[in-house]
Every structure is written in structure tokens, then in C-alpha cells.
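Open the model in your viewer and keep the sequence panel visible. The stops below go from the whole chain to a single side chain.

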Amino acid sequence: MHSIEERMCRWLLMMDDRAEGEVLKYTHEFLAGIMGANRKSVTLAAQSMQNAGLISYRRGMIQVCDRSALEKASCECYAIVKQRFDAFLTPPSTAFQGDTKGRKN
């Protein structure tokens, strides 16, 4: 139930997390398919985001310019998904911590 711009912000943030700040290589057509939107809506959202200084894009290359502003423009789902994803990747405190005494290889 979020706007196309909020959903696009969330998706770009999630991809930026995995790309570690590298340029994202996505066309508007691809983004439209991923988000279940039409290409024109994605183009208008991208133009709005670029005009606001959140992203920069040109010919299938998208760069996040202002991550904190992009997070504010995103729906609340980004923070929830990120928190759960980070928790999933964090080993439990009971995980092996490197003490190999008494262990057989």
C-alpha cells in the first residue's frame, strides 16, 4: 500500500546494502517489473528522487547520493526488513568463538 516512490526507495536501499555503495545497474523496465509497476511510474519516481538529490541515474546506472534522505523517503518496511536481515546474519552468542582446546580436527 506504499507509493511507488517509497517502494523504489526501499528497494534501492536494500540493493545498495548488498552492493556496498557501488553503482546499481538497473533499467527502469527492470525496476518496474520487480516492483509490479509500470515503467512510466518508475521513470517519474526516479526523476523526482534525482531532482531531490537522493539518487543520480543515467542509462541504467543508479547511484545513491544521499542515503539518509533516501531512508527517510522510504516506507517503514525498509527498517523492519533491514533489522531482521541483520539479525539473521548475526551469529548467536552461543556460536563457536574460536576456542579449539579439546577439539579434534
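Start with a cartoon view of the entire chain, which contains five helices and three strands. Trace the cartoon from the beginning of the sequence, and the elements come in the order α-β-α-α-β-β-α-α. This is a predicted model, so colour it by pLDDT next.

The average pLDDT over the chain is 86, and 90% of the residues reach at least 70. Which element has the highest mean pLDDT, and which the lowest? Select residues 39–51 to find helix H3, which has the highest mean at 96. Then select residues 77–89, which make up helix H5; its mean of 79 is the lowest among the elements of the chain. A general caution applies here: where pLDDT is low, predicted coordinates should not be read in detail.

Now switch on the contacts for the whole chain. Among contacts with a separation of 6 or more, 56% join residues that lie 24 or more positions apart in the sequence.

Show the surface next. The chain has 105 residues, and 28% of them count as buried. The exposed area comes to about 7400 Å², with carbon and sulfur atoms supplying 52% of it.

Keep the surface on and select Phe85, Phe88 and Leu89. Together these residues make a nonpolar surface patch of about 350 Å².

For the last stop, select Phe88 alone, which sits in helix H5. Is Phe88 buried or exposed? Its relative accessible area is 68%, and exposed means over 50%, so Phe88 counts as exposed.

Methods. Residues numbered from 1 in each chain as written. Predicted model: local features only at pLDDT ≥ 70, side-chain atom pairs only at ≥ 80, totals over all residues. Heavy atoms only, no water. Patch = residues over 30% accessible without salt bridge, like charges linked within 9 Å, V, L, I, M, F, W, Y side chains within 5 Å. Areas by Shrake-Rupley, 256 points an atom, 1.4 Å probe, with all protein chains shown as cover. Salt bridge = Lys/Arg side-chain N within 4 Å of Asp/Glu carboxyl O. Helix = DSSP H or I, 4+ residues; strand = E, 2+ residues; numbered from the N terminus. Buried < 20%, exposed > 50% of the residue type's maximum accessible area, 1.4 Å probe, protein only. pLDDT = per-residue confidence, 0-100. Contact = heavy atoms within 4.5 Å.
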